[in-house]
Amino acid sequence: MLQVLVLGAAAGGGFPQWNSNNEASRRARAGDSMAPSCTQSSLAVSADGRHWVLLNASPDIRQQINDNEQLHPKEGVRHSPIAAVVLTNGDVDHVAGLLTLRESQPLAVYATGRVLEVLSNNSIFNVLNPDFVDRRPIAIGTAFEPATKDGQSCGLRIEPIAVPGKVALYLEDAGAGDNFGTVEEDTVGLVVSDLAGERLFYYLPGCAALPADLRDRLAGAPLVFFDGTLWRDDEMVVQKAGIKTGRRMGHMSMTGPNGTVAAFEALGVARKIFIHINNTNPVLLRDSAEHEAVAAAGWEVAYDGMEIVL
Ligand code: MLT
Ligand code: MN
């Protein structure tokens, strides 16, 4: 059995975002059930219901733990079912939660060499006491078995895969050309399965494009969580909520000829779920035409607390 729990369905900023006064955010703050609030981007996965591995550590992790009984401490004075965290990139919405996971609790943190370097270059992450928190490098194309700090397997197999992406916003090098100094290890996707590889899903919360090799890889997959940041590439500009397009931020959009909905049409993925959804994206509103359109195209929109058992 593989249990998957959506801790946070929203992109950076969450929904509603602290400074957003758009209609959708106002509806969310008012508790409108058709505009459900979402915390920032993270999944939890477990093969045994006892050891949970977080895929990304969002700034909202404290609330996410409190909201999900599976992650509550269960034994003794200090305990956590969270055995490990696997990072897909160094974005604030995926690493800031590590700062909450201090307090001398055994933990293993897995990330590419590049993302581990980002952590080691930021001394604030030294609050993760190395006596208790192991930092373990992972490599694209090499599957690993996440294990607790003391080496006990969590019963999962995870393979990091290459996905087109962008270096974290705070590391962009304006002098490094069109890609701001992005290297392959800045962003990965994850293929998560049980040890036998029988139950499996893909997690790609940030993806800038779908080249042929990635399409081939995803074809026929039983379940894919995919970058749902924007409905349309220029939506932040059009809504006067920002100055950047999705392309500029390293995110595919749902719509348009090169959009996600079109790109997945022929892939035969059994279950497709949008995650990492920006507060400007109208699919967050359950009664919007855009939500209806993605549903008609066979997509689900993740929500906090969504549970899937494979
Ligand atoms: C992103 O997904 O593009 C980043 O999380 C943006 C950010 O750092 O706010
Ligand atoms: Mn993000």
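This report walks through the sheets, cores, metal site and unusual backbone spots of a predicted model.

## The seven-stranded sheet

One open sheet has 7 strands in the order β6-β5-β4-β3-β2-β1-β13. Its pairing is mixed. Strands β6 (133-138) and β13 (307-309) form the edges, each pairing on one side only. On average, neighbouring strands here are turned by 20° against each other, direction ignored.

Helix α4 (residues 113-121) packs on this sheet. The helix touches β5 (107-112) and β6, and its direction makes about 120° with that of β5. Elsewhere in the sheet, β1 (residues 3-8) and β2 (residues 42-46) pair in the antiparallel sense over 5 bridges. Val4 has Val45 in β2 as its bridge partner.

## The six-stranded sheet

The other open sheet described here has 6 strands, ordered β7-β8-β9-β10-β11-β12. Here too the pairing is mixed. Strands β7 (156-162) and β12 (299-301) each have a single partner strand, so one side of each is left without a neighbour in the sheet. The average turn between neighbouring strands is 25°, direction ignored.

## Strand β9 and its partners

Strand β9 (residues 200-204) pairs with β8 (residues 188-194) in the antiparallel sense, over 4 bridges. Two facing pairs can be picked out. Val192 stands opposite Phe201, and Leu190 stands opposite Tyr203. The two strands form a hairpin with 5 residues between them. Gly197 sits in the turn, with a positive phi of about 75°.

Strand β9 also joins β10 (residues 224-227), this time in parallel, through 3 bridges. Strands of a sheet pair through backbone hydrogen bonds, either parallel or antiparallel. In β9, 4 of the 5 residues are buried, so the strand is largely enclosed by the rest of the structure.

## A closer look at Leu204

Leu204 belongs to β9. Is Leu204 buried or exposed? With a relative accessible area of 0%, Leu204 is buried, because the cut-off for buried is under 20%.

Leu204 has Phe226 as its bridge partner in β10. The C-alpha atoms of Leu204 and Gly189 are separated by 4.6 Å, although these residues are 15 residues apart along the chain. Leaving out residues up to four places away in sequence, Leu204 touches Val163, Gly189, Leu214, Leu218, Phe225, Phe226 and Asp227.

## Nonpolar cores

In soluble globular proteins, nonpolar side chains tend to be buried together. In this model, the largest nonpolar core has 65 residues. Leu55, Phe201, Leu210 and Phe225 have the most contacts inside that core. Beyond its neighbours within four places in sequence, Leu55 contacts Ser42, Leu43, Val45, Val86, Ile158, Leu190, Val192, Phe201 and Tyr203. A second, separate core has 24 residues, including Leu5, Leu7, Val95 and Leu116.

## The manganese site

Which protein residues are donors to the manganese ion (ligand 2)? They are Asp93, through OD, and His276, through NE2. These donors lie 2.1 to 2.2 Å from the ion. Asp93 lies in helix α3 (residues 92-95), while His276 is in the loop between β11 (272-275) and α9 (289-296), so the pair ties together parts that are 183 residues apart in sequence. Both Asp93 and His276 are buried.

## Cysteines

How many disulfides does the structure hold? The count is 0. Cys38 is buried at 4% relative accessibility. Cys207 is buried as well, at 0%.

## Backbone spots to check

The peptide bond from Phe15 to Pro16 is cis, with omega near 0°. Pro16 lies in the loop between β1 and α1 (23-29).

Positive phi values also occur in residues other than glycine. Glu103 has phi near 75°, and Phe180 has phi near 55°. Glu103 is in the loop between α3 and β5. Phe180 is in the loop between β7 and β8. Their surroundings contrast: Glu103 counts as exposed at 55% relative accessibility, whereas Phe180 counts as buried at 17%.

Definitions and conventions
Residues are numbered from 1 along each chain as its sequence is written. Chains are lettered from A and ligands numbered from 1 in the order in which they are written. This is a predicted model: local features need pLDDT of at least 70, side-chain atom pairs count only at pLDDT 80 or more; totals for chains, interfaces and linings use all residues. Side-chain values use heavy atoms; hydrogens and water are left out. A disulfide is a pair of cysteine sulfur atoms within 2.5 Å. Buried means under 20% relative accessible area, exposed over 50%, partly exposed in between (1.4 Å probe, protein chains only). Two strands pair if DSSP finds at least two bridges between them. Axes are lines fitted to C-alpha atoms, for helices over the stretch in contact, and angles run from 0 to 180 degrees between N-to-C directions. A nonpolar core is a set of buried Ala, Val, Leu, Ile, Met, Phe, Trp, Tyr and Cys residues joined through side-chain atoms within 4.5 Å. Contact means heavy atoms within 4.5 Å. Donors are N, O and S atoms within 2.8 Å of the metal (3.2 Å for Na, K and Ca); water is not among the atoms, so sites may look incomplete.
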